[in-house]
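Got the viewer open? Here is a tour of what to select, stop by stop.

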Amino acid sequence: MSEKQEYSKEMLLRMYENMVRIRKFEEKASECFAKGMLAGNIHVCIGQEAGAVGTCEALEKTDFITSTHRGHGHCIAKGAKTDKMMAEIFGKETGYCHGKGGSMHIADINLGILGANGIVGAGIPIATGSGMTSKIKKTNEVTLAFFGDGASNTGAFHESINMAAAWKLPVVYLCENNQYGVSVNIHTVTNTDNIAVRAKAYDIPGTTVDGNDVLAVYESVKKAVKYAREGNGPSIVECMTFRMHGHYEGDPAKYRPKEVTEEWKRKDPINAFKTYLLDDGVEESELTAVEEAMDMEIQEAYKFAQSSPYPNTSDVLEDNYSSDNERSVIR
Amino acid sequence: MIKISVSHAIREGMHEEMLRDENVIMMGEDLGTMGSPFGITQGFLKEFGPDRVIETPICELGFTGMAVGAAMRGIRPVVELMYDDFVTVCLDPVMNQAAKLRYMTGGQIKVPMVIRAPLGAGRRNAGQHSQCLEALFTHIPGLKVVCPSTARDAKGLIKAAIRDDDPVIFLEHKLLYSIKEEIPEGEYVIPLGKADAKREGKDITIITWSRQVFFALDAAKELEKDGIDVEVLDLRTLVPLDWEAIKKSVCKTHNVIVVEEGCKRGGYGSEIAAQIMEELFDELDSPVVRVAGLNTVSPFSPPLEDAVFPNKNDIVNTVKKSLNYTL
């Protein structure tokens, strides 16, 4: 873990709680999918919790994020409620999007979550436009785009960072490098050792950190956020990490060598942080209490989702348009 | 009343909206010093500054995606694509993001943005700068689509498009930009979804939009000599569609042709023809016939290009054929 700094116990426990909350949520989602209870695709982020939590801890409530197809962790870390999220992935009326978006599209505009996104790289220009908005309106929010190593090869990535750098927009580009775009190893499709090195091309700061070390992530993102908020422009922060499950639930991930997966299992971000906290003098019972509380919360979220009604089919045309919806959908 | 061109009218409409609402911004290539290739944003950079007149690099995917993000945050971006053909490099922000985010977030998010793009053939620009892509947009739920033909309409409609809370695709025909007409002085807004009978008649209805309105009006003039009284219904807005206006006109004339410049196959004219046949079949004295562009890439050479899109004679001949059907 990173060097000892002065952190409040309250903050450390909050971070631990959020990491455990994400893990338990994902485990439940994975279990429900395996039992055939969930429709569609689910992409869980087990193993990547430190990136989401370390990053969002460095943001203010009023800051914005865009997320990805693997977005449950980002949304939880930014404050989304697990019951409304669980209801959404169950396709229920009480979900964040009333069941119209599902797992890949959770959004809560009031929490600054501009949406997870089903298109790889699509959140990057959206975050950049949000950053541009803060600059135009002269408000001081920072917008952070979560994306993976796969998205770093899209045109959306290059086009957006080029403009953000040219106009010094308050944006942080947070790459969760889990080393695989679905089945393809990043090193077989790129010529650089890491993604952050590309920052040089835009003359902006770029850092690569241990993405399984929640405090290292927090420190790096905090710096990038401060840099952006002070009007200096964007940065790239790259978190080296690994997803313990396949690309989607049901993917056996045979394209990854077993020993690599085993090695990353030993670097589990929650275990690492737990060891750090115990060394730091936190009582084990306190952490157990957090884990139990999260178990309860996720169980409640699951029950809420299960017992919630499906949306009415009569609402299927609602919300295509803000105005003149009826006429615009009927023909 | 003052006489101004379509491009001037659009400029004036946008200028009034920029003055009215500080959330309205312009984004696109060459909008600044050059004032855009068709001169629509001339003087805007000087008047409104670089925060509101954003001259972008050549990267439609990036800046259109940024406009979506800005719109989600309450800005009202007006994005200019230099040609509608260029939308092919930024279809993700248009089709997957702007069009769908409201629905997919259960109504949480609004995307109040306008994408302006010149469309159409006739300038010898060949296949990558001449397409009429309105059918591509009308196919996508979540988008509104506007295709004005005259200066008066263009001004009133661009103002409505900017004020609308949904993504609006605003397609301007390049060969209409310089056409002048008298427009009302001062502020006026033309609501989206209202067709306009550019000529009233009782024998046959020509349903059309954009530049083909003028070919239809020319054809109507010629047909008048043969005693045929043609109604020309300019849709102005394709989504939402003014079905009431279509119904009223069809019930009056009982004969319809639908005219569009774009390729016939999968054109929006086919959609209108199908709707009329499905719902107003009993009103019809003849089958609804489409007059549209050929199913080909737009060629460069002038005689070839002129052979591709419909003209006055095509419309005249089709009207006569339709009416002969009933005689």
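## Start with two helices in chain A

α1(A) and α10(A) are roughly antiparallel to each other, because angles over 145 degrees count as that. Keep in mind as you click around that this is a predicted model.

Select residues 9–34 of chain A for helix α1, then 269–279 of chain A for helix α10: the two pack at an angle of about 155 degrees, with their axes 10 Å apart. Their crossing is left-handed. To see the contact itself, show side chains for L12(A), Y16(A), M19(A), V20(A) and R23(A) on α1(A), which meet P269(A), I270(A), F273(A) and L277(A) on α10(A). Sorted by type, the residues of this contact are 8 nonpolar, no polar and 1 charged.

## Into the core

Leave M19(A) highlighted. Which residues touch the most other members of the largest nonpolar core? They are M19(A), V172(A), A161(B) and I206(B), out of 192 residues in that core. As general background, nonpolar side chains tend to be buried together in soluble globular proteins.

Now centre on A161(B). Setting aside neighbours within four places in sequence, A161(B) is in contact with V114(B), V146(B), V168(B), F170(B) and L192(B).

## A helix pair in chain B

Next, pick helix α1 (residues 6–20) of chain B and helix α7 (residues 151–163) of chain B. Their axes come within 8 Å and cross at roughly 30 degrees. Angles under 35 degrees count as roughly parallel, so α1(B) is roughly parallel to α7(B). The crossing here is right-handed.

On the α1(B) side, select V6(B), A9(B), I10(B), E12(B), G13(B), M14(B), E16(B) and E17(B); they meet A151(B), A154(B), K155(B), I158(B), K159(B) and I162(B) of α7(B). This contact divides into 8 nonpolar residues, 1 polar and 5 charged.

## The start of chain B

Go to M1(B), in the segment before β1 (2–5) of chain B. Is M1(B) buried or exposed? It counts as exposed, because M1(B) has 8 C-beta neighbours inside 10 Å. Add E181(B) to the view: it is 180 residues away along the chain, yet the C-alpha atoms of M1(B) and E181(B) are separated by 9.4 Å. Not counting residues up to four places away in sequence, M1(B) touches E182(B), P184(B) and E185(B).

## Where the chains meet

Zoom out and colour by chain. How many residues of chain B are in contact with chain A? There are 43, and they touch 37 residues of chain A. On the chain B side, the elements giving two or more residues are α3 (60–72), α4 (91–98) and α5 (101–104) of chain B. Select α3(B) before the others, since you will find that α3(B) gives the most, with 10 residues. The chain B side as a whole divides into 21 nonpolar, 13 polar and 9 charged residues.

## Two buried spots in chain A

Back in chain A, select helix α2 (residues 49–57). How many of the residues of α2 are buried? The count is 9 of its 9 residues; among them are E49(A), V53(A), T55(A) and E57(A).

Then move on to F64(A), in strand β1 (residues 64–66) of chain A. F64(A) counts as buried because it has 28 C-beta neighbours inside 10 Å. Leaving aside neighbours within four places in sequence, the contacts of F64(A) are G112(A), L114(A), S130(A), E141(A) and T143(A). If you measure from F64(A) to K9(A), 55 residues apart along the chain, the C-alpha separation is 26 Å.

## Backbone oddities to finish

Most residues other than glycine have a negative phi, and most peptide bonds are trans. The last three stops go the other way.

- **A253(A):** this non-glycine residue has a positive phi of about 55 degrees. Look for it in the loop between β7 (235–240) and α9 (258–266) of chain A. With 16 C-beta neighbours inside 10 Å, A253(A) counts as partly exposed.
- **D319(A):** phi is positive here too, at about 70 degrees, and D319(A) is not a glycine. It is found in the loop between α11 (284–307) and α12 (325–330) of chain A. D319(A) counts as buried, with 21 C-beta neighbours inside 10 Å.
- **V239(B) and P240(B):** a cis peptide bond joins this pair, with omega about -5 degrees. P240(B) is in the loop between β12 (237–239) and α9 (243–253) of chain B.

Conventions: Residues are numbered from 1 along each chain as its sequence is written. Chains are lettered from A and ligands numbered from 1 in the order in which they are written. This is a predicted model: local features need pLDDT of at least 70, side-chain atom pairs count only at pLDDT 80 or more; totals for chains, interfaces and linings use all residues. Two residues are in contact if their C-beta atoms, placed from the backbone, lie within 7 Å. Helices (H or I, at least four residues) and strands (E, at least two) are DSSP runs, numbered from the N terminus. Ala, Val, Leu, Ile, Met, Phe, Trp, Tyr, Cys and Pro count as nonpolar, Asp, Glu, Lys and Arg as charged, and the others, Gly among them, as polar. Axes are lines fitted to C-alpha atoms, for helices over the stretch in contact, and angles run from 0 to 180 degrees between N-to-C directions. Angles under 35 degrees count as roughly parallel, over 145 as roughly antiparallel, 65 to 115 as roughly perpendicular and the rest as oblique. A crossing is left-handed if the near helix is turned anticlockwise from the far one by less than a right angle, and right-handed if clockwise. A nonpolar core is a set of buried Ala, Val, Leu, Ile, Met, Phe, Trp, Tyr and Cys residues joined through C-beta atoms within 7 Å. A residue is buried if 20 or more other C-beta atoms lie within 10 Å of its own, exposed if 12 or fewer, and partly exposed in between; C-beta atoms are placed from the backbone.
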